[in-house]
Amino acid sequence: MALVALKAGLEKAAELGEPSSVSIVDAGGNLIAFARSDGAPFGVGDIAINKAYTSAAFQCRTEELYEDAQPGGDTYGVEVTGNTRPYVLFGGGIPIMRDGVCVGAVGVSGGPVSADLQISAAMAETLQG
């Protein structure tokens, strides 16, 4: 299933013309699968993995964390509190839920956030069943 989801993400990235890194983690934030399309900068790989990690850790879409983490927000500074990996609080991470339980997450980085959202949605759809 992970390979199918990676393929869906890479195909969506190609369709959008946005070289990207795509990742999948399990419920504990451990990397299960990763791929980087041709032309994607190597630095976005860590961001993609960290988006998936963040999404699994908080069991929500990463963009849902952004507003409250800004100065003056209820969770300001949360992005630097991660023990293992830094939290990434902008769009591109989506939890994979089964029967109300988070079983993992996908993360995408490479293009503008709007592209990352579309690519991660394509991946999540393949894993949600």
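Strands in these notes are DSSP runs of E with at least two residues, numbered from the N terminus. I am working from a predicted model, and I keep that in mind for every entry below.

**Entry 1: D26**

I began with D26 and found its place in strand β1, which covers residues 21–26. I then asked whether D26 is buried, exposed or partly exposed. Its relative accessible area is 24%, and because buried means under 20% and exposed over 50%, I noted D26 as partly exposed. Leaving out residues up to four places away in sequence, I listed I32, A56, V103 and G104 as the residues that D26 touches. I also looked up A105, which is 79 residues from D26 along the chain, and the two C-alpha atoms are separated by 6.5 Å.

**Entry 2: the nonpolar cores**

Next I looked for the largest nonpolar core, which turned out to have 15 residues, and I wrote down L6, V22, I24, V106, M123 and L127 as those with the most contacts inside it. Which elements supply at least two residues each to this core? I found α1, β1, β2 (31–36), β3 (93–98), β4 (101–109) and α4 (113–128). The largest share comes from α4, with 4 residues. As background I recalled that nonpolar side chains tend to be buried together in soluble globular proteins.

I followed L6 further and, not counting residues up to four places away in sequence, recorded its contacts as V22, S23, I24, A33, F34, A35 and M123. Another core, of 7 residues, lies apart from the one just described, and its members include C60, A69, Y87 and L89.

**Entry 3: helix α1 against helix α4**

I then turned to how α1 and α4 pack, and I read an angle of about 150° between them, with their axes 8 Å apart. Since angles over 145 degrees count as roughly antiparallel, I entered α1 as roughly antiparallel to α4. The crossing in which α1 passes α4 is right-handed.

On the α1 side I listed A2, V4, A5, L6, A8, G9, K12, A13 and L16, which meet A115, Q118, I119, A122, M123, T126 and L127 in α4. How do the residues of this contact divide into nonpolar, polar and charged? I noted 12 nonpolar, 3 polar and 1 charged.

I singled out A8, which has its place in α1 (residues 2–16) and is buried, with a relative accessible area of 16%. Leaving aside its neighbours within four places in sequence, I found A8 in contact with A122 and T126. I also checked A8 against P95, and although they are 87 residues apart in sequence, I read 16 Å between their C-alpha atoms.

**Entry 4: I47 on helix α2**

I47 has its place in helix α2, and at 30% relative accessibility I entered I47 as partly exposed. Not counting residues up to four places away in sequence, I47 touches V88, F90 and S109. I looked up Y87 as well, which is 40 residues from I47 in sequence and 9.1 Å from it in space, C-alpha to C-alpha.

**Entry 5: positive phi in the loops**

Before going through the loops I reminded myself that most residues other than glycine have a negative phi. I therefore wrote down Q59, which is not a glycine and yet has a positive phi of about 55°, with the general tendency in mind. Q59 sits in the loop between α2 (43–58) and α3 (63–66), and I noted Q59 as partly exposed, with a relative accessible area of 47%.

I made a similar note for D99, a residue other than glycine whose phi is positive, near 55°. I placed D99 in the loop between β3 and β4, and at 83% relative accessibility D99 counts as exposed.

**Entry 6: G72**

Last, I looked up G72 and found it in the loop between α3 and β3. Is G72 buried or exposed? I recorded G72 as exposed, with a relative accessible area of 78%. I checked G72 against S21, and these residues are 51 apart in sequence and 32 Å apart in space, C-alpha to C-alpha.

Terms used: Residues numbered from 1 in each chain as written. Predicted model: local features only at pLDDT ≥ 70, side-chain atom pairs only at ≥ 80, totals over all residues. Heavy atoms only, no water. Buried < 20%, exposed > 50% of the residue type's maximum accessible area, 1.4 Å probe, protein only. Contact = heavy atoms within 4.5 Å. Core = buried A, V, L, I, M, F, W, Y, C linked by side-chain atoms within 4.5 Å. Axes fitted to C-alpha atoms, helices over the stretch in contact; angles between N-to-C directions. Parallel < 35°, antiparallel > 145°, perpendicular 65-115°, else oblique. Left-handed = near helix turned anticlockwise from the far one by under 90°. Nonpolar A, V, L, I, M, F, W, Y, C, P; charged D, E, K, R; others polar.
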